Amino acid sequence: MPSEEALKITTARSHHPSDDPGSDNPLTSEDIGHILGTIQNPNAADFGRYYLLEENIDLSERLYKQIQAFPKVKNWYEPRDDFILDLCRLALREVLSEVKSRCWTCKGSKGMRLTKAHVQAMNQDPRRVQKFREGQLIDCLKCAGTGRRGVSDHDRADFLGIPMQSFKDPWKPRYGVVMGKVNDWHTVLTAAIGPGLERKILQKLGEA
Ligand SMILES: [Zn+2]
């Protein structure tokens, strides 16, 4: 159920003449912050600040502690220190990049700088007249310069610094457990502010 405060705000806004879809969205960050302030569950509220307001708060330690409470996690053998903590960081980063389906590689900037390795690989074609050079800014190769792309298992394995095969087995299903916890926070958040309002905020973020 949306909180009373959130309802008051959304109801007030639904009578606003410029509130129909297609017109300028009048919702401000202050409005959103105010609504999030009414959420009782601190994890869901902070997740909302991170997810909907893109506030720079680190939720990874909190997520990590909650994951540790699952009995099966005791049997997860970490290939290195802080690996499970990094799994939490990955989940949080992935959730945020979903908001705008922002490209993981260029972070939505649409461009990328060529590294030495790129240049070596790309200049191999002898027919190419104009050679690429290191540091050159080109359209992002992963999203073809659109700035938008989903996260792949390859991106996830890369982030964790493990081979793709190790990600698929055993870490992918375990990552699902971590994501499940984030989704729990998300579910409480959506229930508190209402799915309609959340969609509206995400739409606003996607346009930004
Ligand atoms: Zn990109």
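Where in the protein chain is confidence lowest, and where is it highest? This is a predicted model, and its confidence bottoms out in helix α1 (residues 4-14), with a mean pLDDT of 49, while the top spot goes to α4, at 96. Taken over the protein chain, the mean pLDDT is 85, and 87% of the residues get to 70 or more. The weak patch is residues 9-23, where pLDDT is below 50. Leaving out near neighbours in sequence, that stretch still has twelve contacts in the model. A word of caution fits here: where pLDDT is low, the predicted coordinates should not be read in detail.

Now for the overall layout. The protein chain has nine helices and two strands, and reading along the sequence gives α-α-α-α-α-β-α-β-α-α-α. Of its 208 residues, 19% count as buried. Look at contacts between residues at least 6 apart in sequence, and you'll find that 64% of them join residues at least 24 apart.

Back to α4, this time with its partner α8. Here's how the pair sits together:

| Feature of the α4 and α8 pair | Value |
|---|---|
| Span of α4 | residues 60-68 |
| Span of α8 | residues 164-193 |
| Packing angle | about 115° |
| Distance between axes | 10 Å |

With an angle of about 115°, α4 is roughly perpendicular to α8. The crossing of α4 past α8 is right-handed. On the α4 side, the contact is made by Leu63, Gln66 and Ile67; on the α8 side, the residues are Val178, Lys181 and Val182. Sort the residues of this contact by character and you get four nonpolar, one polar and one charged.

Finally, a stop at a loop. Glycine 135 sits between α6 (116-122) and β2 (137-139). Is glycine 135 buried or exposed? Glycine 135 counts as exposed, because it has 10 C-beta neighbours inside 10 Å and the cut-off for exposed is 12 or fewer. Setting aside neighbours within four places in sequence, glycine 135 is in contact with Arg113 and Leu114. As for histidine 118, it lies 17 residues from glycine 135 in sequence, and the C-alpha to C-alpha distance between the two is 9.8 Å.

Note on methods:
Residues are numbered from 1 along each chain as its sequence is written. This is a predicted model: local features need pLDDT of at least 70, side-chain atom pairs count only at pLDDT 80 or more; totals for chains, interfaces and linings use all residues. Axes are lines fitted to C-alpha atoms, for helices over the stretch in contact, and angles run from 0 to 180 degrees between N-to-C directions. Helices (H or I, at least four residues) and strands (E, at least two) are DSSP runs, numbered from the N terminus. Angles under 35 degrees count as roughly parallel, over 145 as roughly antiparallel, 65 to 115 as roughly perpendicular and the rest as oblique. A crossing is left-handed if the near helix is turned anticlockwise from the far one by less than a right angle, and right-handed if clockwise. Two residues are in contact if their C-beta atoms, placed from the backbone, lie within 7 Å. Ala, Val, Leu, Ile, Met, Phe, Trp, Tyr, Cys and Pro count as nonpolar, Asp, Glu, Lys and Arg as charged, and the others, Gly among them, as polar. pLDDT is the predictor's confidence in each residue, from 0 to 100. A residue is buried if 20 or more other C-beta atoms lie within 10 Å of its own, exposed if 12 or fewer, and partly exposed in between; C-beta atoms are placed from the backbone.
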